[in-house]
Amino acid sequence: MTDLIRLKNLLVAGHHGANPLEKDTASEFVLNIEFEINLEKPGTSDNLEDTVNYSRVNKLVRRIIAETSYNLMERIAADIVLAIFADRRIHSVQVAIAKPNILDGCTPEVVLRRSNPNYSACENN
């Protein structure tokens, strides 16, 4: 499968970090999310229901980051992956989350690549 949907440069504020001060003050996070999904059907049907609604994914990611306080970006990314995999049409996902300018101008980034254990090729037909 080679079809992709990408959400790039999603900017979200949240209270996350291993340092208690990081949880007191909101920090900005930049996310890039990539889905591997068969886009043959929506490419001919022109029907939103045949593809991933990236507006919903945007809202989902924002809610996860806003409603929970995490110590690690690894955990934020893992929870986002799990939520995205509720859509069985998604074969795999990559979530990259960065916290800009937190380390004297350095930007740490965590990238998770996962295959969906619930993937169903039949859902794409």
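Two residues are in contact when heavy atoms of each lie within 4.5 Å. In this predicted model, residues 24 or more positions apart account for 63% of the contacts in the chain with a separation of 6 or more. The chain has 4 helices and 4 strands. Along the sequence they follow the pattern β-α-β-α-α-α-β-β. The C-alpha trace spans about 50 × 25 × 25 Å along its principal axes. Of the 125 residues in the chain, 38% are buried. The accessible surface comes to about 7,400 Å². Carbon and sulfur atoms contribute 48% of that surface.

Helix H3 was examined in detail. H3 covers residues 54-67, which makes 14 residues. At 1.5 Å a residue, a helix of this length should span 20 Å. The end C-alpha atoms of H3 are 20 Å apart, so the expected and computed spans agree. At the N-terminal end, Asn53 acts as a cap. A side-chain oxygen of Asn53 lies 3.0 Å from the backbone nitrogen of Ser55.

H3 has a buried side. Its buried residues are Val57, Leu60, Val61, Ile64 and Ile65. They cover an arc of only 125° around the axis, and therefore lie on the same side of H3. An α-helix has 3.6 residues a turn, so residues three or four places apart point the same way. The cover over the buried residues of H3 includes S1, S2 and helix H4 (73-84). The face turned away from the buried side carries the exposed residues Arg56, Lys59, Ala66 and Glu67.

Arg56 also takes part in a salt bridge. Its side chain meets that of Glu49, with N and O 4.0 Å apart. Both Arg56 and Glu49 are exposed.

This pair belongs to a wider set. A search of the whole structure finds 6 salt bridges. Another of them joins Glu34 to Arg6, and here the closest N and O atoms are 2.6 Å apart. Glu34 lies in strand S2 (residues 27-36) and Arg6 in strand S1 (residues 4-14), so the salt bridge ties together parts that are 28 residues apart in sequence. Glu34 has a relative accessibility of 22%. Buried residues fall under 20% and exposed residues over 50%, so Glu34 counts as partly exposed.

A further salt bridge joins Lys99 and Glu22, at 2.7 Å from N to O. This pair links distant parts of the chain, 77 residues apart. Lys99 sits in the loop between strand S3 (92-98) and strand S4 (109-115), while Glu22 sits in helix H1 (residues 20-24). Both Lys99 and Glu22 are buried.

Strand S3 also contains Ser92. The relative accessibility of Ser92 is 13%, so this residue counts as buried. Its side chain makes a polar contact with the side chain of Glu36, at 2.8 Å. Leaving aside residues up to four places away in sequence, Ser92 touches Glu34, Phe35, Glu36, Phe85, Arg114, Ser115 and Asn116. Glu34, the salt-bridge partner of Arg6, is thus also a neighbour of Ser92.

Definitions and conventions: Residues are numbered from 1 along each chain as its sequence is written. This is a predicted model: local features need pLDDT of at least 70, side-chain atom pairs count only at pLDDT 80 or more; totals for chains, interfaces and linings use all residues. Side-chain values use heavy atoms; hydrogens and water are left out. Helices (H or I, at least four residues) and strands (E, at least two) are DSSP runs, numbered from the N terminus. Buried means under 20% relative accessible area, exposed over 50%, partly exposed in between (1.4 Å probe, protein chains only). The expected span of a helix is 1.5 Å times one less than its number of residues. The arc is that of the directions from the helix axis to the C-beta atoms. A polar contact is a pair of N or O atoms within 3.5 Å; within protein, one must be able to donate a hydrogen and the other to accept it, and residues adjacent in sequence count only if both atoms are side-chain atoms. Accessible areas come from the Shrake-Rupley method with a 1.4 Å probe; for residues, only the protein chains shown count as cover.
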